[in-house]
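Got a few minutes to look at a protein model together? Have the sequence and the 3D view ready, and let's take it piece by piece.

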Amino acid sequence: MAEQQVPTRLVFRVPGIAVLAPALLAICATPFAFGAPLFWLVYLVPIAITAWVVRVRTVVTEVDVVARTATRTTRFGWERLGGLKLSEKQGVTAVLDDGAEVALPQVRVRHLPALSLMSGGRVPDPTPHAEDPGPAPDQVPAGADQASPAEPDQSAEDGRGGARVPGAGERGVGPAGAE
């Protein structure tokens with residue numbers, strides 16, 4: 001019997017400790033709840049908050065994305081993703097190829113590198129990759145040859161002379177000679 005490979009997944013959700021807040025709210029509401037008839041309905045508020053904390057999430061796999069809000073679940077494959085709409089306060093919204101927008105609960109702009117990794121490169125990683133600046137000027141041994149900043153030193157034995165890999169795209173990911 002062949003072993004089935006299970007895809008890895010990322011789950012973006014509210015931390016589980018957040019259930020503590022509605023539990024404390026329910027405890028504090030107890031004197032009020034028994035104060036008059038039908039005041040016990042105040043317990044519906046902590047129950048609703050707990051249900052929201054447990055339900056709302058975004059699950060990302062190598063195959064698809066599942067966005068679960070309080071009232072509905074939306075699943076779409078990476079091939080249907082047309083782009084992402086980013087907002088610092090509202091998080092990330094997926095724009096599908098048909099123009100529909102799907103909010104990705106609990107996914108923030110800081111999570112884009114993880115989304116890029118899980119999508120297999122379909123979502124570009126927007127984080128700048130700083131190149132190795134080399135040793136600080138006070139750490140360079142006296143009398144060491146230094147290349148001028150305009151010309152990268154390509155004479156290093158390990159092939160890491162600071163030249164960019166041809167065709168590596170806008171960021172030049174990695175040094176020359178790197179595999």
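Here are some questions and answers about this predicted model.

Q: In what order do the elements of the protein chain run from the N terminus on?
A: Let's start with the inventory: the protein chain has 3 helices and 7 strands. Now walk along the chain from the N terminus and note each element as it comes up. The order you get is β-α-α-β-β-β-β-β-β-α.

Q: Which strands are the edge strands of the open sheet of 4 strands?
A: This sheet has the order β1-β2-β3-β4, and its pairing is antiparallel. An edge strand pairs on one side only. That description fits β1 (9-13) and β4 (73-77).

Q: Which residue is the bridge partner of Leu-10 in β2?
A: β1 and β2 run antiparallel and are joined by 5 bridges. Look across from Leu-10 to β2, and the bridge partner is Val-60.

Q: Why is strand β2 described as largely enclosed by the rest of the structure?
A: In general, side chains in a regular strand alternate between the two faces of the sheet. In β2, Arg-57, Val-59 and Thr-61 point one way, while Thr-58 and Val-60 point the other way, and all are buried. So β2 (residues 57-61) is largely enclosed because the buried residues number 5 of the 5.

Q: How many residues does the hairpin that joins β2 to β3 go through?
A: β2 and β3 pair in the antiparallel sense over 4 bridges. One of the pairings puts Arg-57 opposite its bridge partner in β3, Arg-68. The hairpin joining these two strands goes through 2 residues.

Q: What is the bridge partner of Asp-64 in β4?
A: Moving one pairing along, β3 and β4 are antiparallel too, with 5 bridges. Follow Asp-64 over to β4 and you land on Gly-77.

Q: Which elements give two or more residues to the largest nonpolar core?
A: This core has 17 residues, and those with the most contacts inside it are Val-60, Phe-76, Trp-78, Leu-104 and Leu-115. Two or more residues come from each of β3 (64-68), β6 (91-96), β7 (101-104) and α3 (112-118).

Q: Leaving aside neighbours within four places in sequence, which residues is Leu-104 in contact with?
A: Leu-104 is one of the core residues with the most contacts inside the core. With those sequence neighbours set aside, its contacts are Thr-58, Val-65, Ala-67, Phe-76, Leu-84, Val-92, Thr-93 and Ala-94.

Q: What percentage of the residues in the protein chain are buried?
A: Here buried means under 20% relative accessible area. Apply that to the 179 residues of the protein chain, and the buried share is 23%.

How values were computed. Residues are numbered from 1 along each chain as its sequence is written. This is a predicted model: local features need pLDDT of at least 70, side-chain atom pairs count only at pLDDT 80 or more; totals for chains, interfaces and linings use all residues. Side-chain values use heavy atoms; hydrogens and water are left out. A nonpolar core is a set of buried Ala, Val, Leu, Ile, Met, Phe, Trp, Tyr and Cys residues joined through side-chain atoms within 4.5 Å. Buried means under 20% relative accessible area, exposed over 50%, partly exposed in between (1.4 Å probe, protein chains only). Contact means heavy atoms within 4.5 Å. Two strands pair if DSSP finds at least two bridges between them.
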